[in-house]
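User: I would like to go through this structure with you. Shall we begin with how far the prediction can be trusted?

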Amino acid sequence: MIDAFRCLYEKKENVLLLLIGEEYSNEKAITKELNERKAPNTYLLGAKSNIGDYLLNVDCFCLSSTHEGLPITILESLSVGCIISNGYSKYLVSLLLTKL
């Protein structure tokens with residue numbers, strides 16, 4: 001996901017990557033990885049209870065979990081018109097570039 005975002009950022013600098021969830025609460029370890037992978041405009045938000053507010057203001061929802069079949073977050077994202085992704089693809093970057 002970070003590599004896909006960096007590719008998108010190289011083509012269009014006015015993009016943000018918001019990392020939301022409990023797994024992003026260990027800020028020290030994740031910040032080190034983001035710095036090593038040179039991920040600009042990336043924000044670690046940790047666990048949030050108002051996910052709907054974020055979904056209403058984003059263009060794409062990327063599911064980073066590999067343990068879930070069809071999580072409720074996918075359905076919530078679809079209900080507000082987000083592009084859905086579960087990983088990197090050149091198609092996703094192209095699709096986002098045409099939408100942004």
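User: Which helix has the lowest mean pLDDT, and which the highest?
Analyst: Among the elements of the protein, helix α5 (residues 90-99) has the lowest mean pLDDT, 65, and helix α3 (residues 51-55) the highest, 91. pLDDT is the predictor's confidence in each residue, from 0 to 100; helices are DSSP runs of H or I with at least four residues, strands runs of E with at least two, numbered from the N terminus. This is a predicted model, in which local features need pLDDT of at least 70 and side-chain atom pairs count only at pLDDT 80 or more, whereas totals for chains, interfaces and linings use all residues. Residues are numbered from 1 along each chain as its sequence is written, and side-chain values use heavy atoms, without hydrogens and water.

User: What is the average pLDDT of the protein?
Analyst: The average is 78, and 71% of the residues score at least 70.

User: Which residues make up the largest nonpolar core?
Analyst: Ten residues do, among them Ile2, Phe5, Leu8, Tyr9 and Val15. Helix α1 provides the largest share, four residues. A nonpolar core is a set of buried Ala, Val, Leu, Ile, Met, Phe, Trp, Tyr and Cys residues joined through side-chain atoms within 4.5 Å.

User: Is Phe5 buried or exposed?
Analyst: Phe5 is buried, at 6% relative accessibility. Buried means under 20% relative accessible area, exposed over 50%, and partly exposed in between (1.4 Å probe, protein chains only).

User: And where does Leu70 lie?
Analyst: Leu70 lies in the loop between β3 (60-62) and α4 (72-79). Leu70 is exposed, with a relative accessible area of 60%.
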